[in-house]
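Okay, thanks for squeezing me in. Have the sequence and the model up on your screens, and I'll talk you through a few spots.

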Amino acid sequence: VVWNDTSYDPDRWQSPTVYDTENTGINYQTTRGILERRYYYITPSGTRVNSMLVTPQETGVYTVGLQVKDEYGAWSYWAVQQITITQPVPKDDPPVPGFTLSKTTLYRGETLTITSTAWDKEDGAAANLRHEYFIRNLTDGTGETLQSTSRGTWNTNFNTLGVMEIRQVVYDSKGQSAQLIKQVTVVNRPPAANFDWSPKPVYEGDQIHLASASSDPDGDPLTYHWFIEGPGGYTQTGSAKNITISGNSTLNRPGIYRVTHRVRDAYGAEAAVTKDITVLELSIQGYVMHTDEWEENRLRYNAKTPRSARPADWFWAGEAFRLAADVTDTGSSATKPVSVEAEAAQDLRKTLAPASPDLGRWEGLLRSADAGFPLEELPQGPYTFVFTVRYSNGAVKTSAVTIQIRNTVHNYVQVHRLQ
């Protein structure tokens with residue numbers, strides 16, 4: 001029996017020259033908008049068979065029916081006709097559909113390999129059978145499209161999530177068809193969270209730049225969230241891809257900053273990473289010392305008058321102050337000390353100079369000429385020298401050292417001469 005199928009979808013096809021050209025993946029000129037067919041026939045003896053009548057085995061009147069479906073799953077009414085058979089023909093079995101899938105769960109963009117295992121009793125292997133593969137996304141409810149006519153192995157991939165229905169239709173040389181449906185699930189891969197920061201190392205007063213290095217294996221856009229906890233109850237949040245912790249925030253707040261970076265893709269999958277950033281302390285330690293000459297004088301005095309020995313922080317008015325400061329050696333950091341100054345009063349001020357290549361030591365000598373008056377005129381009593389270092393990142397640190405002015409250099413000379 002030869003069928004002349006004139007079925008069509010009026011929404012997609014009007015004539016061989018008038019048909020829809022929308023880019024849906026379906027050729028409406030050749031398919032006429034019909035993607036699936038159902039058949040049945042009733043033999044003259046009254047047996048109903050849900051198949052296409054091709055090789056009738058009885059003489060008499062057969063009732064045959066055809067129903068068709070469009071790309072959106074809408075089925076037509078049954079088209080029913082009768083045919084009179086006067087000469088039975090040898091039986092021909094319909095083909096047997098079959099195919100294998102390389103996987104049943106996969107990611108977007110991942111290759112799915114499909115291999116036909118269909119066969120036919122009369123025609124033989126799959127290579128002798130016409131094939132059609134239709135695919136639709138059951139989750140989205142979109143219509144199915146013809147994806148391949150391969151009779152062997154072919155590959156495909158998906159760019160959307162959901163349960164994909166793969167329908168294979170095979171035809172034998174007599175026009176009989178059979179189909180097999182399988183499903184695969186396309187799942188989302190979560191993003192990978194990561195970030196880095198600069199500078200390294202970090203010192204208080206430095207601005208910390210946090211840069212997301214997060215990625216999504218499926219190429220989905222990400223949203224970003226930052227949560228930062230620092231010393232003294234400090235917290236900060238952010239939603240940009242890259243954020244900064246200001247220098248004002250780290251100044252006078254050295255210690256561990258715990259940074260949690262969380263990312264989310266368009267499908268709600270999340271990932272997070274937490275890292276600790278150590279903010280190092282900047283410091284200064286000042287020293288007020290005797291010159292070598294006057295240190296020898298102090299030791300000589302103590303040796304001769306042990307009952308009235310002078311400690312190292314006692315100075316005779318008139319002797320110069322040897323000033324020194326040790327500041328933080330920041331190593332490879334761009335943050336460096338730019339100035340160090342010591343001041344005990346308005347006129348007792350001295351700018352120190354670097355005394356080591358690594359800028360870790362600063363020194364200066366405060367004399368009468370620097371003060372603008374004879375140091376011998378300094379009143380007796382305590383004096384506190386405040387050493388101040390200014391770093392290139394704006395941080396300022398101080399150190400206080402108190403000394404005593406007791407007697408004068410003139411008094412020392414007189415005593416020394418009398419002895």
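I'll go through the largest pocket, then one threonine, then a small sheet.

Quick housekeeping: this is a predicted model, where local features need pLDDT of at least 70, side-chain atom pairs count only at pLDDT 80 or more, and totals for chains, interfaces and linings use all residues. Numbering starts from 1 along each chain as its sequence is written, and side-chain values use heavy atoms, with hydrogens and water left out.

So, the pocket. The largest pocket holds about 740 Å³ of space. Among its 29 lining residues, Arg37, Tyr39, Val169, Tyr171 and Ser177 are the closest to the centre. Which strand gives the most to that lining? Strand 3, with four residues. Helix 1 is one of the elements that supply at least two. By class, the lining has 13 nonpolar, seven polar and nine charged residues.

Now the threonine. Thr31 sits in helix 1, residues 28-31. Thr31 counts as buried because its relative accessibility is 15%, and buried means under 20%, with a 1.4 Å probe and protein chains only. Its side chain reaches the backbone oxygen of Asn27 at 2.7 Å.

Last, the sheet. It's an open one with three strands in the order 7-9-14, paired antiparallel. Strand 7 (99-101) and strand 14 (153-156) are the edges, each pairing on one side only. Strand 9, residues 112-116, pairs with strand 14 over four bridges; pairing takes at least two bridges found by DSSP. One partnership to click on: Ile114 with Trp154 in strand 14.

Notes
Buried means under 20% relative accessible area, exposed over 50%, partly exposed in between (1.4 Å probe, protein chains only). A polar contact is a pair of N or O atoms within 3.5 Å; within protein, one must be able to donate a hydrogen and the other to accept it, and residues adjacent in sequence count only if both atoms are side-chain atoms. On a 1 Å grid over the protein atoms alone, a cavity is a set of points where a 1.4 Å probe fits but cannot get out, and a pocket is an open set with protein on both sides within 12 Å along at least five of seven lines; lining residues have an atom within 4 Å of a point. Grid points are joined across faces, edges and corners, and a volume is the space filled by probe spheres set on the points. Ala, Val, Leu, Ile, Met, Phe, Trp, Tyr, Cys and Pro count as nonpolar, Asp, Glu, Lys and Arg as charged, and the others, Gly among them, as polar.
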